[in-house]
Amino acid sequence: MTKFVVNGHEFESNDPPDMPLLWALRDRLKMTGTKFGCGIGLCGACTVIIDGQAKRSCQVPISNVAGKAITTIEGLAPIETPTAIQAAWIAEQVPQCGYCQSGMIMAATALLARKPNPSDADIDEAMTNICRCGTYPRVRRAIHRAAGATASAQPAIAPATGAAHE
Ligand code: FES
Ligand code: FES
């Protein structure tokens, strides 16, 4: 049995230890906000935060998260009280089709928790997620907007825990 915490709730899994975390989130916990894209660690659609680090959950076996705290897109703030990143995403109207966006938001959330005022180079380095709709310029603007907001107000990361090209 593997035990881990998802969005503040403990979860026990009897699945094989090499099962990807993404499967546990989507198929067992029915948290479908984390998306399956490539399945080989390239696209970032499956990004979640594990102990403060953005990770591609399709590449993380559940045995590797035993005892760890995971935050998914469902663990961020509700729409009534968005985090600075969620608010910036709305203000910049970032999503197009939306498929990549939960992974983008989780990667950006981890970035701002680690680096509250990232440069464009920091953003490029951290945000390696792929967007087929080409929302990269809006992703970048939203991260800068959120960084500005957090300098004066809201936390960049949700209470539960912890990209792009022009
Ligand atoms: S589905 Fe995990 S990186 Fe693409
Ligand atoms: S918004 Fe469509 S893939 Fe990114």
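Which residues in α2 are buried? Some notes on that and on the rest of the fold follow.

1. To take the opening question at once: A84, I85, Q86, A88 and W89 are the buried residues in α2. Please keep in mind that we are looking at a predicted model. Just after α2 comes Q93, with a positive phi near 50 degrees.

2. For orientation, the protein has 5 helices and 5 strands. Reading from the N terminus, the elements follow the order β-β-α-β-β-β-α-α-α-α. Of the 166 residues in the protein, 48% are buried.

3. The sheet is a good place to begin. It is open and built from 5 strands, ordered β2-β1-β5-β3-β4, with mixed pairing. The edge positions belong to β2 (9–13) and β4 (53–56); each has a single partner strand, so one side of each has no neighbour in the sheet. From one strand to the next, the twist averages 40 degrees.

4. A closer look at one edge: β3 (residues 47–50) pairs with β4 in the antiparallel sense, over 4 bridges. Within this pairing, I49 sits opposite A54 of β4. The loop between β3 and β4 holds D51, a residue other than glycine whose phi is nevertheless positive, near 45 degrees. D51 counts as partly exposed because 14 other C-beta atoms lie within 10 Å.

5. N7 makes a nice companion to D51. N7 lies in the loop between β1 and β2 and, although not a glycine, has a positive phi of about 50 degrees. As background, most residues other than glycine have a negative phi. Is N7 buried or exposed? With 20 other C-beta atoms within 10 Å, N7 is buried, since 20 is where the buried class begins.

6. Helix α3 (residues 101–114) deserves your attention. Its 14 residues reach 20 Å from the first C-alpha to the last, close to the 20 Å expected at 1.5 Å a residue. α3 lies across β3 and β4, and runs at about 30 degrees to β3. Why can α3 be called largely enclosed by the rest of the structure? Because 13 of its 14 residues are buried.

7. That leads to the largest nonpolar core, which has 45 residues. Those with the most contacts inside it are I85, M106, A107, A108, L112, I143 and A146. Two or more residues come from each of β1 (2–6), α1 (21–28), β3, α2 (84–91), α3, α4 (120–126) and α5. α3 gives the most, with 9 residues. Both domain 1 (2–74) and domain 2 (84–152) supply at least three residues to this core. In general terms, nonpolar side chains tend to be buried together in soluble globular proteins.

8. I143 is worth clicking on. Which residues is I143 in contact with, leaving aside its neighbours within four places in sequence? The answer is A108, L111, L112, P118 and I123. Two of these names, A108 and L112, also appear among the core residues with the most contacts.

9. Finally, a residue in α5 (residues 136–152), namely A149. A149 is classed as partly exposed because it has 19 C-beta neighbours inside 10 Å, whereas a buried residue needs 20 or more. The C-alpha atoms of A149 and T83 are 9.8 Å apart, although the two residues are separated by 66 residues along the chain.

Terms used: Residues numbered from 1 in each chain as written. Chains lettered and ligands numbered in written order. Predicted model: local features only at pLDDT ≥ 70, side-chain atom pairs only at ≥ 80, totals over all residues. Expected span 1.5 Å × (residues − 1). Buried ≥ 20, exposed ≤ 12 C-beta atoms within 10 Å, placed from the backbone. Pairing = 2+ DSSP bridges. Axes fitted to C-alpha atoms, helices over the stretch in contact; angles between N-to-C directions. Contact = placed C-beta atoms within 7 Å. Core = buried A, V, L, I, M, F, W, Y, C linked by C-beta atoms within 7 Å. Domains from an automatic or database assignment.
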